[in-house]
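Subject: Structure for your files

Dear colleague,

Here is the structure I said I would pass on. Please keep it open while you read the notes under it.

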Amino acid sequence: MDRLIERLKHAENVTFLTGSGISRESGIPTFRGKDGLWKNYSPEELASPEGFMRDPQLVWDWYNWRRDIIRKAEPNRGHLTIKEFEKNFNVYVITQNVDGLHEKTGVKNLVELHGNIFRNRCSRCGKMFGDIQTKKIPTCECGGLIRPDVVWFGEPLKEEDISMALEWSKNADVFFLVGTSGIVYPAASLPFFAKENGGFVVEINIEKTPLTPHIDLHLEGSASEILDMVLKRLDK
Ligand code: OAD
């Protein structure tokens, strides 16, 4: 922790890569781990273009269920502490979460790498739509089915999002990995770019991950608790 505080004292650019663990305390389930979504649901059926083609209504129903949970959620101390870092640093947030909770805190520099669950787009013509609250899967005027504007397995990330995320990772004096299992690529490669370019990489997680052996510091505990502790130590 002392090494981190020392690095932060001389840092200008601080980048965060967040995953579903940061939103756990807002009541949103994670994907992996004991209560993870992928324990009870199949990513092939519910989060892939093939699954959507097979049963679009099933996919829409599942996303409606998730949207209902997320609609009630508010940013927690973890999201809010990241926003507070802006008082001392240029802060860049790269999130794999589709819940929009970082955006709600008003953080200035944000990339939602895997999209946003409250945006939709036509699966045929690509036309964008906002939040649509219907039980039956909606269709576009072109006749195509409308789907959530999120990245599914087997789909590429948006070019501009990944290049922004790369730039922010390379520029980071300190790079925080927060609440991510670090197994979904290309997101999980970003800490390596940070490290190669001289950044100090810190992981905050309730357990160790496959990335733990490759980083500078692992801080074990909940995202909100640890981030709050780091900020308080800095303010002293
Ligand atoms: P995962 O569910 O894979 O990992 C969540 C991580 O958060 C785990 O390592 C937990 O140990 C940790 N965690 C849980 N509660 C925490 C807390 N309170 N504080 C800190 N850490 C905590 O979620 P992601 O890494 O976000 O992709 O998953 C990456 C991608 O896989 C997701 O964006 C999604 C998923 O399939 C797509 O949908 C494309």
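The notes below go from the whole chain to its strands and then to a single residue.

Please bear in mind that this is a predicted model.

Overall shape

The protein has ten helices and nine strands. Its radius of gyration is 18 Å, close to the 18 Å that the globule rule gives for 236 residues, so the protein is as compact as a globular protein of that length. Along the principal axes, the C-alpha atoms fill a box of roughly 55 × 35 × 30 Å.

Of the 236 residues, 53% are buried. Taking contacts between residues at least 6 apart in sequence, 63% join residues at least 24 apart. The exposed area is about 11400 Å², and 52% of that comes from carbon and sulfur atoms. On the charge side, there are 31 positive and 34 negative charges, and the mean positions of the two sets lie 3 Å apart.

Parallel pairing around β2

Strand β2 covers residues 90-95, and five of its six residues are buried. One partner of β2 is β1 (residues 13-18), paired in the parallel sense over six bridges; here T15 has Y92 of β2 as its bridge partner. β2 also pairs with β3 (residues 109-112), again in the parallel sense, over four bridges. Within that pairing, I94 is matched with V111 in β3.

The antiparallel sheet

Three further strands are worth a look: they make an open sheet in the order β5-β4-β6, with antiparallel pairing. β5 (128-129) and β6 (146-150) are the edge strands, each pairing on one side only. β4, residues 115-122, is joined to β6 by five bridges, and C122 stands opposite I146 of β6.

I132

The loop between β5 and β6 contains I132. Is I132 buried or exposed? The cut-off for buried is under 20% relative accessible area, and I132 has a relative accessibility of 17%, so it counts as buried. Which residues does I132 touch, leaving aside its neighbours within four places in sequence? They are W60, N120, P138 and I146. I146 is also the residue that stands opposite C122. For a sense of distance, the C-alpha atoms of I132 and D35 are separated by 28 Å, and the two residues are 97 apart along the chain.

Regards

Methods. Residues are numbered from 1 along each chain as its sequence is written. This is a predicted model: local features need pLDDT of at least 70, side-chain atom pairs count only at pLDDT 80 or more; totals for chains, interfaces and linings use all residues. Side-chain values use heavy atoms; hydrogens and water are left out. Helices (H or I, at least four residues) and strands (E, at least two) are DSSP runs, numbered from the N terminus. The radius of gyration is taken over C-alpha atoms; the globule rule is 2.2 Å times the number of residues to the power 0.38. Buried means under 20% relative accessible area, exposed over 50%, partly exposed in between (1.4 Å probe, protein chains only). Contact means heavy atoms within 4.5 Å. Accessible areas come from the Shrake-Rupley method with a 1.4 Å probe; for residues, only the protein chains shown count as cover. Lys and Arg count as positive and Asp and Glu as negative; His and the chain ends are not counted. The place of a charge is taken as NZ of Lys, CZ of Arg, CG of Asp or CD of Glu. Two strands pair if DSSP finds at least two bridges between them.
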